[in-house]
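Pull up the model and let's take a quick tour. We'll go from the overall build to one helix pair, and then to a couple of backbone oddities.

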Amino acid sequence: MDNPSLLVDLHRSQYRQGPGGDAETLLAITLSGLSSKSTLVVADIGCGTGASSLVLAKELSAKVIAIDLFSEFLGELEQRANAAGVSDRIETRAASMNDHLFEDGALDAIWSEGAIYNIGFENGIRAWGRFLKPDGVLAVTELTWLTGHRPRELTEHWDAEYPEVDTASAKLRLLEAHGYSPIGYFPLPKHCWLENYYRPLQNGFDAFVARHEGSDAARSVVVAERKEIALYERYSDFVGYGFYVARKVGD
Ligand code: SAH
C-alpha cells in the first residue's frame, strides 16, 4: 500500500476491502470438500475486516486464524465475530503474509481473498505451500485476464500496476508447477466488484476527504480509486478476479 494509514482509514469501515461475495466464498468451500471434515485449522491471510473469515467460521468445523498487517482491520473483525457469535472460532493475528507464519504442515487450508497480490501470486503460492498438510487446500482470488485478447488501455494499466496479471490457464499452470493439483476455478461475478466492493467504497469518498480536511494526499487516494473503478466499469468483460481452489500434492 502506498499510503497505509490513509488506505486503512478509507477501508476499515467497509464490509470488504476487495471484490468478493459470501456466496462465492461458499462456492469455493464447496469445491474444496472441506465441509465434510471436522476440527480443521484454517488460515485466512490478508483477511481485512474478515468477510471471508466469518463465512469460514460459520460454515466449517474449524479454528480460523485471521491474519492481516493492520490491527485496525482485525479490531473490526473481532467486533463482527462477536456479533455473529463465532468469536470462539476465530483467532486474529497481526502479522505480514511475508513472515514465517506457521510450522510446516500446520494447516488444513489457506484462504486468501483479494490479498495474495501484495506479495505476488507465484511467490505466495510457493511460500505458503509448506504450511499446508499434504492434501491441504489452497483457496485464493487473483486478478485474472478473462480473455486471450484485450483492449490496449486495459493491458497497459494492469501490466504497469500488477505485472503478474494473467489468464486463468496461466495461473492454473503455476499452481501445478508449484506442487498443487487444481480443484476448481471460477471468475467472480461483476456484482462482487460493483455492488459488494466499489459502490460502498464510493459512498464513503466524501466523508473520507472531509475527515482529512481536503488534504492533497486524501484527494489523490480518491482520484486513484476512481480511476480504477472507471477502468473496471469499462472493461469488466476482460478482467476480474479468479477464484482458484487447489489441493497440495502429497510429498
Ligand atoms: N480478504 C479481505 C481483504 C482484502 S484487501 C477481503 O476480501 O475483504 C487486502 C488485505 O491484505 C488488506 O486487508 C491489507 O491490510 C492486507 N495486507 C496487505 N499487505 C499485507 C501483508 N504484507 N501481510 C498481511 N496482510 C496484508
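What follows is a short walk through this fold, from the whole chain down to single residues.

**The whole thing**

Keep in mind that this is a predicted model. The protein's secondary structure adds up to ten helices and eight strands. Its radius of gyration comes out at 18 Å, close to the 18 Å that the globule rule gives for 251 residues, so the protein is as compact as a globular protein of that length. If you'd like a box to put around it, the C-alpha atoms fill one of roughly 50 × 45 × 30 Å along the principal axes.

How much of the protein is buried? Of the 251 residues, 50% count as buried. The contacts reach a good way along the sequence, too: among those between residues at least 6 apart, 76% join residues at least 24 apart.

**A helix pair to zoom in on**

Now find helix H5 (residues 121–128) and helix H7 (residues 168–177), which pack at an angle of about 25° with their axes 10 Å apart. That angle makes H5 roughly parallel to H7, since anything under 35 degrees counts that way. The crossing of H5 past H7 is right-handed.

Which residues make the contact? On the H5 side they are Phe 121, Glu 122 and Ile 125, and H7 brings Lys 171, Leu 174 and Leu 175. Sorted by class, the contact of H5 with H7 has four nonpolar and two charged residues, with no polar ones.

**Two residues with positive phi**

Next, the backbone. Most residues other than glycine have a negative phi. Thr 39 goes the other way, with a positive phi near 45°, and Glu 213 also has a positive value, near 50°. Here they are side by side:

| Residue | Phi | Loop | Relative accessibility |
|---|---|---|---|
| Thr 39 | near 45° | between helix H2 (22–32) and strand S1 (40–45) | 67% |
| Glu 213 | near 50° | between helix H9 (205–211) and helix H10 (216–235) | 75% |

Are these residues buried or exposed? The cut-off for exposed is over 50% relative accessible area, so Thr 39 at 67% counts as exposed, and Glu 213 at 75% is exposed as well. To find them on screen, look for Thr 39 in the loop that runs from helix H2 to strand S1, and for Glu 213 in the loop that links helix H9 and helix H10.

Key. Residues numbered from 1 in each chain as written. Predicted model: local features only at pLDDT ≥ 70, side-chain atom pairs only at ≥ 80, totals over all residues. Heavy atoms only, no water. Axes fitted to C-alpha atoms, helices over the stretch in contact; angles between N-to-C directions. Helix = DSSP H or I, 4+ residues; strand = E, 2+ residues; numbered from the N terminus. Parallel < 35°, antiparallel > 145°, perpendicular 65-115°, else oblique. Left-handed = near helix turned anticlockwise from the far one by under 90°. Contact = heavy atoms within 4.5 Å. Nonpolar A, V, L, I, M, F, W, Y, C, P; charged D, E, K, R; others polar. Rg over C-alpha atoms; globule rule 2.2 N^0.38 Å. Buried < 20%, exposed > 50% of the residue type's maximum accessible area, 1.4 Å probe, protein only.
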